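Let's walk through this one together, from the overall fold down to a few individual residues. Have the model open so you can click along.

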Amino acid sequence: MKKITLKIDGMMCGMCEAHINDTIRKAYPNAKKVKSSHKKGETSFLLDEDANEEKLKAAINETGYEFKGMKTEDSDCRQRA
């Protein structure tokens, strides 16, 4: 499982977070634990596969927010259970 963290500019409130979360779920319907923070300017989620940075950048920028970068790290969510 991979943990994907995106840096996003332009989120101002909880509705912005929800809009980004919906965008991620539309791009990757199998994404798990999708969460955004307008205060941190970040969105994170878990995927079984690698995420395509260009696909995410296009989806985020299309919504009017600005994609600033992506970080991928291995995550074993079973340790948190």
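What follows starts with the whole chain and then moves to the sheet, the helices and some single residues.

A quick word on ground rules: this is a predicted model, where local features need pLDDT of at least 70 and side-chain atom pairs count only at pLDDT 80 or more, while totals for chains, interfaces and linings use all residues. Residues are numbered from 1 along each chain as its sequence is written, and side-chain values use heavy atoms, with hydrogens and water left out.

The protein has 2 helices and 4 strands; helices (H or I, at least four residues) and strands (E, at least two) are DSSP runs, numbered from the N terminus. Going along the sequence, you meet them in the pattern β-α-β-β-α-β. The radius of gyration is 12 Å, close to the 12 Å that the globule rule gives for 81 residues, so the protein is as compact as a globular protein of that length. (That radius is taken over C-alpha atoms, and the rule is 2.2 Å times the number of residues to the power 0.38.) The C-alpha trace spans about 35 × 25 × 20 Å along its principal axes.

Now for the sheet. The 4 strands form an open sheet in the order 2-3-1-4, with antiparallel pairing; two strands pair if DSSP finds at least two bridges between them. At the edges sit strand 2 (32–37) and strand 4 (66–74), each pairing on one side only. From one strand to the next, the twist averages 15 degrees. In general, strands of a sheet pair through backbone hydrogen bonds, either parallel or antiparallel.

Zoom in on strands 2 and 3. Strand 3 covers residues 42–47 and pairs with strand 2 in the antiparallel sense over 4 bridges. Lys 32 has Leu 46 of strand 3 as its bridge partner, and Ser 36 is bridged to Thr 43 in strand 3. The two strands make a hairpin with 4 residues between them, and Gly 41 in the turn has a positive phi of about 70 degrees.

How do the helices fit in? Helix 1 (residues 14–27) lies across strand 1 (2–9), strand 2 and strand 3, running at about 145 degrees to strand 2. Helix 2 (residues 53–62) packs on the sheet, touching strand 1, strand 3 and strand 4, and its direction makes about 145 degrees with that of strand 4. For these angles, axes are lines fitted to C-alpha atoms, for helices over the stretch in contact, and angles run from 0 to 180 degrees between N-to-C directions.

Two strand residues are worth a click. Ile 8 is found in strand 1 and is buried, with a relative accessible area of 2%; buried means under 20%, exposed over 50% and partly exposed in between, with a 1.4 Å probe and protein chains only. Leaving aside neighbours within four places in sequence, Ile 8 is in contact (heavy atoms within 4.5 Å) with Ile 20, Gly 41, Thr 43, Ile 60, Tyr 65 and Glu 66. The C-alpha atoms of Ile 8 and Glu 66 are separated by 5.5 Å, although the residues are 58 apart along the chain.

Lys 33, by contrast, is found in strand 2 and counts as exposed at 54% relative accessibility. Its phi is near 50 degrees, a positive value in a residue other than glycine. Most residues other than glycine have a negative phi.
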